[in-house]
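Reader: I'm new to this one, so could you take me on a close look at a single part? I'd like to hear about the pockets and what lines them.

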Amino acid sequence: MIFSEIYGEYFNAVAKILDTAVRGGLNENDIISIVGKSAFGESILSLPQKIKNEKWGLLTSDLKTPIKNKPQMPLSDMEKRWLRAVLNDSRVKLFDADIKGLENAEPLYSQDMFVYFDRYNDGDPYNDERYIRNFKTVLKALREKRKAVVKFRGRTGKVHNKSVIPYNIEYSPQDDKFRLQAYARHTLWTINIARIEDCRLDEKFEKTVSYKVKKEKLVIELIDERNALERAMLHFSHLEKKTEKVSNDRYKITLYYDKDDETELLIRVLAFGPVMKVTEPESFIEQIKQRLRMQNNLKK
């Protein structure tokens, strides 16, 4: 395990109790409430009593604590190595993540250890100077609530120059590409950052400016065989979703996605085989049927 068990649910619950005690005013209701929210369900039967009986030396009988400062959770060497490996990823470097305190940590792994067989090979040029410059300009516009003037090439090769209001940056694992979603005259544009030729900051816009992004809805039924639920949560981790348990091993998952990502989502759903069934919308079901017919014809 990368993360030590000592920093698990019980540690976090006790740390929150002690934090409240350090600030003063801890009472028994606080302890029960914190344990109920932060630890496992059965913990409420034992943990409050253990922390109050003074054997741990953390609380006195009047719920005071000899601890002077808020409990901290220092990183283990393994955690530091894992974090350093993540921060070495050229995609993560685009966000200027701080590596303070990790300078001497040996990365747990390197990116060349991975072989990807489920994504395209024409990913973004993450080490290209122009790409890095444009990405950071877009990121700064998002963080500072500023408009951006973007010059980019569309899918047909046509060059566009637009003043846009950035909405977000999204990443496609299948394509290995970052995309900017931005509004121009109340139209949502999705722009591959690799296609941006130039980007500069423009004026600030009101924080009250907000738009609704139309999302497509996909409803699927999942049979939890061969860790299917865990794999589904990983595959669709970047999507807004709702998951409901309908029986011992069956789940209903509702996914919300952008129309531009429909082909990628279709491929991912098909990869699950018989353990995953799409129940709506009918248009998505029809696309699955067409794909299966095509595959069947190829076998003949």
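**A look at the pockets**

Author: Let's start with the lining of the largest pocket: its residues split into eleven nonpolar, five polar and five charged. Keep in mind that this is a predicted model. The pocket itself has a volume of about 610 Å³. It is lined by 21 residues, and the ones closest to its centre are R91, Y116, R119, P173 and L234. As for where the lining comes from, three helices each supply at least two residues: α4 (77-87), α5 (90-93) and α7 (228-235).

Now hop over to the second largest pocket, which holds about 480 Å³ of space. Here 22 residues do the lining, and R155, R179, N192, R195 and D260 sit closest to the centre. Two or more residues apiece come from β1 (146-153), β3 (177-184), β4 (187-192) and α8 (262-271). Of these, β4 gives the most, with four residues. And the make-up of this lining? Count six nonpolar residues, six polar ones and ten charged ones.

While we're here, α8 deserves a little detour, being one of the elements that give two or more residues to the lining of the second largest pocket. Its buried residues are E262, E264, L265, L266, R268 and V269. Follow the chain past α8 and you get to G273, which has a positive phi, near 65°.

Conventions
Residues are numbered from 1 along each chain as its sequence is written. This is a predicted model: local features need pLDDT of at least 70, side-chain atom pairs count only at pLDDT 80 or more; totals for chains, interfaces and linings use all residues. Side-chain values use heavy atoms; hydrogens and water are left out. On a 1 Å grid over the protein atoms alone, a cavity is a set of points where a 1.4 Å probe fits but cannot get out, and a pocket is an open set with protein on both sides within 12 Å along at least five of seven lines; lining residues have an atom within 4 Å of a point. Grid points are joined across faces, edges and corners, and a volume is the space filled by probe spheres set on the points. Ala, Val, Leu, Ile, Met, Phe, Trp, Tyr, Cys and Pro count as nonpolar, Asp, Glu, Lys and Arg as charged, and the others, Gly among them, as polar. Buried means under 20% relative accessible area, exposed over 50%, partly exposed in between (1.4 Å probe, protein chains only).
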